[in-house]
Amino acid sequence: MNRSIVPETIARQPWHVLIPLAGLVSLGAAVLYSAAGGSLQPYALSHVLRFCVFLVAAITLSRIPREFFRMAAYPAYGAILVLLILVELLGAVGGGSQRWLNLGFMTLQPSELMKPGIVLALARFYESLPASITASWRGLVPAGLLIAMPAFFVMIQPDLGTALAICFGGGMTMFLAGLPLWWFLGVAGSLAVIAPVAFFTLLHDYQRNRVLVFMDPESDPLGTGYHITQSKIAIGSGGFFGKGFGNGSQSHLDYLPESHTDFVFATMSEEWGMLGGLFVLLVFAIILFWGLRVARNSTDRFSSLLAAGMALTIFFYVAINLMMVMGLAPVVGIPLPFMSHGGSSMMTNMICLGTIMAVSRWQRRPSGLG
Amino acid sequence: MSLFRPRHVSMATLRNSFDRRSMVIGGVQAGIGILLASRLGYLSIAQNEKYKLESESNRVNLSLIPPRRGWILDRRGSPLASNRADFRVDVIPDRMTNEGQTIGELARLLRMQPVDVQDLRDKLEKSHGFAPVEVMSGLDWERFAAVSVRLPDLPGVVTQRGFSRFYPTGPSVGHLVGYVGAASAEEYEKERDPLLVTPGYKVGKDGLEKIFEKDLRGYPGARRVEVTAGGRVVRDLETREDMPGKPIKLTIDGPLQDYAARRIGLESGAVVAMDCHTGEVLAMASMPSYDPNSFSDGIGRIEWKMLADDDHVPLRNKVLRGLYPPGSTVKPMVALSFLEAGLHPEESVFCGGGLRVGNRVFHCWNRRGHGQVNMAKGIYQSCDVYFYHFAQRIGMDPIAAMARRLGLGQEFKLPVVGQSYGTVPDPAWKKRKYGKDWAIYDTVNATIGQGYFLVNPLQQAVMASRLASGLNLVPSMLFTDKAKPAPTLGIPQEHLDIIHKAMSDVVNGPGTAHRAALPMKDILLAGKTGTAQVVGLNVGNGKGGLWKHRDHGHFICFAPADKPRYAVAVVVEHGGGSGAAYPIARDVMTYLFDPNKAVEVLHGYEKEWGGTAQQRLDAKYRAYSQAYGGGAPAPPSEEKVEAADQPPATNQPIVSGPQTPPPEPVALPSTPVTAEPSAPAITLSPPGGNPQ
């Protein structure tokens with residue numbers, strides 16, 4: 001690093017991650033520009049603007065010292081949980097399901113905040129838990145409650161995707177915290193038993209239908225299977241080099257549903273082909289690898305768990321979304337990080353990114369006094 | 001509980017486990033990454049062809065452009081049936097999600113009358129899902145656009161700019177040309193051509209439209225358009241023009257056809273005009289008729305009610321399907337057979353108003369008698385006794401042979417959907433048909449065109465043209481430049497001259513139809529009247545009373561009398577006698593020589609009748625529409641409508657003998673007639689019942 005030319009604040013940033021990320025966001029903006037019929041409005045411009053705003057926020061976040069994170073972990077978790085309950089109450093009063101709070105200047109989706117929130121709270125919990133009782137019930141039950149409460153409120157919104165994301169982020173943090181492996185295997189085993197039961201009792205009709213159609217999209221090509229079929233057509237018809245920028249007929253002629261949000265990858269693949277798809281996968285690989293490396297390089301337990309949990313939260317988004325658009329998972333409303341249009345998703349992912357950046361920064365100043 | 005028994009766990013073991021587990025998770029992530037990459041490769045490389053195709057079939061919508069139907073032209077090349085540009089709206093029943101709401105919305109946008117809405121519902125009820133049902137055609141741009149912009153909210157509704165069949169003279173060509181309509185399920189099953197279920201496509205349903213369907217159809221074009229998922233057309237990609245069907249050129253003279261049809265006026269009748277040189281049919285009109293223009297969107301309730309209420313049977317093509325006893329119009333033909341059998345034209349018989357045959361008296365129409373009657377007077381005064389007398393001497397067989405030679409009882413090779421060819425009775429026929437021997441009174445009846453004699457108006461026209469020309473003219477309807485000259489019938493010219501002179505005298509001499517003379521000094525018309533009794537004199541006198549009981553009026557003629565050019569036959573059902581028929585024949589013939597003069601006469605009549613046939617039909621429709629609204633009974637199936645064209649089967653026994661006055665009881669054949677197509681319930685009654 002050439003400290004003499006570049007100011008230290010700038011030079012310190014993890015540019016090897018941020019530059020590919022900027023490329024990904026730019027590709028996202030290009031796709032959104034095309035999906036809007038060749039116009040910056042209403043998607044592309046706000047997408048880039050949000051990225052810039054949240055990047056500044058993430059850099060700011062990365063400058064917050066470790067102690068502050070530790071201190072704020074439980075209050076932040078509590079506040080988000082209160083917001084979740086508030087949303088539920090407002091929805092009940094308003095006579096319908098509601099997922100967001102209107103703050104006047106923006107709409108806030110508390111369930112989004114809970115995704116990094118749960119990781120933060122659990123990292124704090126396992127840090128403070130004496131090593132000797134980590135593998136006992138005292139290491140399991142409080143953590144389980146921390147996950148179950150927000151997951152329950154998000155589930156009844158109903159927002160299956162986000163509830164799963166919270167459970168996944170929390171579960172992964174617990175796994176990394178060193179809980180006995182066979183507990184997880186046991187849970188996985190019982191899930192395999194419970195899942196079919198839950199499928200027929202807990203899930204809403206539309207959710208059940210989505211799963212059924214996922215098994216056999218062609219059974220209902222114009223109904224619920226439509227999404228998956230059209231998405232596969234968009235990706236498959238792109239070929240290796242794609243149809244070219246602005247030439248995606250599937251998205252332009254409205255065959256592809258949600259071409260700017262959940263199915264943005266299909267929109268991209270149609271125009272940019274497999275090449276574009278591999279680029280997207282590469283950038284996510286860089287980000288996730290970096291996140292994992294930051295976690296492994298951290299010496300203290302809190303930092304390791306926090307960074308790994310955040311990276312895995314991003315990973316969950318990416319994996320589920322991509323599997324969904326390629327027909328490997330049922331349709332769940334989960335956007336693709338950094339590419340899908342949408343403020344909440346961008347905010348969540350940038351919080352995760354900023355947190356990893358913060359952890360990375362603490363390593364250089366292990367005292368956390370920065 | 002062994003499950004929660006704390007093991008020895010230290011910070012170091014936790015760190016160790018974190019390292020191992022994060023490595024595993026990293027591995028799993030990499031695995032999923034590889035899985036996604038290979039899935040991506042599978043979709044976009046291995047399955048690229050398949051998905052490219054599916055994407056194209058999404059994007060591109062191929063729609064057939066119905067071919068423009070070939071025109072039907074008259075002999076001068078002006079259209080009897082053409083196509084006109086049309087804005088139309090159809091619905092495809094299968095694709096409608098909320099039928100009631102969609103129809104309600106369409107009715108509002110198109111400002112449909114309640115009766116039209118009712119008709120649409122009827123059609124939808126009988127529709128077969130995949131086949132488009134016409135909502136409205138001939139729309140103005142405003143209403144068309146109003147529906148077009150709302151298409152995304154109206155699933156199953158199709159708007160089209162296309163062509164629709166247009167018959168400029170409407171009802172005048174109804175029976176001749178037929179009409180078109182959407183293909184029925186049976187027609188689609190038979191051909192399996194997707195064109196048949198293309199919105200807006202019509203097939204011929206009757207007449208020439210049906211006979212020449214293959215020629216008129218042409219080949220559809222195709223239009224490739226880019227469409228959105230919602231069905232909105234983004235742009236045209238490529239259009240292959242349709243290949244219009246071949247035109248059919250007829251021998252029909254369009255204006256003459258229209259004139260003849262309109263001249264029939266309020267009567268129920270038929271007019272056939274033929275060329276005496278070539279046999280070409282110049283006009284064949286049957287009235288009342290339907291308006292083929294209004295049939296193309298299906299037959300609605302009001303239309304059906306109008307047709308069903310009309311005792312003039314507007315659905316029957318009387319030219320080909322109407323069978324009538326020819327009455328005295330056969331007399332020139334019978335006289336010709338006498339000449340051929342060697343009878344001297346000056347040989348005469350005394351007519352005292354009747355003739356005793358066996359133990360019965362057959363009356364002449366003129367009860368006072370004609371005095372001494374030779375052949376010429378027998379024809380121009382239409383003396384029945386002359387024919388009663390000599391027919392007994394000559395016998396039935398030569399008469400029947402001549403009748404067939406002149407075209408009676410014959411079926412002609414014409415592009416029509418059906419002909420009823422009637423009966424030329426002779427001893428062999430009666431034996432075959434009833435198993436009874438020919439009686440002398442059968443000859444007597446037949447010789448004045450009654451008894452078992454049944455002909456259709458086309459045959460009468462053919463008879464007139466063959467009588468006039470002496471040529472074996474065969475009626476034709478398809479125009480060709482090089483018509484083969486017809487062979488002669490082999491009848492000596494002097495025989496024909498005698499008949500011609502007598503027929504001319506019918507009109508221009510001391511005959512029965514003076515008012516049939518043409519209004520031109522230099523052109524003489526030759527003709528023969530005929531009156532066929534419908535009911536016995538004990539029921540009605542044939543002149544007045546119930547319309548159904550009045551006599552049929554006939555007239556056959558040709559002109560000019562010395563050098564025949566055209567022949568015309570007219571039948572007026574229940575016209576009350578030949579007096580209803582020959583003015584029509586005269587005016588039609590006038591039109592052939594001097595159209596202006598004829599049209600002037602027609603316009604005078606039409607003022608009294610309440611307009612042209614088209615105008616009267618339209619007025620009637622409005623009146624019915626007002627009276628019944630949507631409450632008229634639903635129209636029957638298409639097959640039923642076709643059946644209405646068939647002549648009704650006679651279910652009364654034929655009476656073979658004079659009924660009035662009854663000199664003696666007559667044996668009735670007990671077998672009712674079923675198989676033979678025959679005229680509507682006719683009671684035969686030669687003597688006394690055959691006024692001219």
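Here is a short chat about a predicted model.

Colleague: How many residues does each chain put into the contact?
Modeller: Chain A gives 42 residues and chain B gives 40 residues.

Colleague: Which elements of chain A give two or more residues to the side touching chain B?
Modeller: They are α7 (160-176), α10 (225-238), α11 (249-252), α12 (264-297) and α13 (301-325) of chain A.

Colleague: And which gives the most?
Modeller: α12(A), with 11 residues.

Colleague: How do the residues on that side of chain A divide?
Modeller: Into 25 nonpolar, 14 polar and 3 charged.

Colleague: Switching to chain B. How many helices and strands?
Modeller: Chain B has 25 helices and 19 strands. Of its 692 residues, 50% are buried.

Colleague: What about contacts in chain B with a separation of 6 or more?
Modeller: Residues 24 or more positions apart make up 75% of those.

Colleague: What's the strand order in the open sheet of 5 strands?
Modeller: β12-β11-β19-β18-β17 of chain B, with antiparallel pairing. The edge strands are β12 (281-287) and β17 (526-532) of chain B. On average, neighbouring strands are turned by 5° against each other, direction ignored.

Colleague: Over how many bridges do β11 and β19 of chain B pair?
Modeller: Over 8 bridges, with β11(B) spanning 268-275 and β19(B) spanning 566-573. B:Asp275 stands opposite B:Tyr566 of β19(B).

Colleague: Which strands does helix α22 of chain B touch?
Modeller: Helix α22(B), residues 582-593, packs on the sheet and touches β11, β17, β18 (552-559) and β19 of chain B. The direction of α22(B) makes about 150° with that of β19(B).

Key. Residues numbered from 1 in each chain as written. Chains lettered and ligands numbered in written order. Predicted model: local features only at pLDDT ≥ 70, side-chain atom pairs only at ≥ 80, totals over all residues. Contact = placed C-beta atoms within 7 Å. Helix = DSSP H or I, 4+ residues; strand = E, 2+ residues; numbered from the N terminus. Nonpolar A, V, L, I, M, F, W, Y, C, P; charged D, E, K, R; others polar. Buried ≥ 20, exposed ≤ 12 C-beta atoms within 10 Å, placed from the backbone. Pairing = 2+ DSSP bridges. Axes fitted to C-alpha atoms, helices over the stretch in contact; angles between N-to-C directions.
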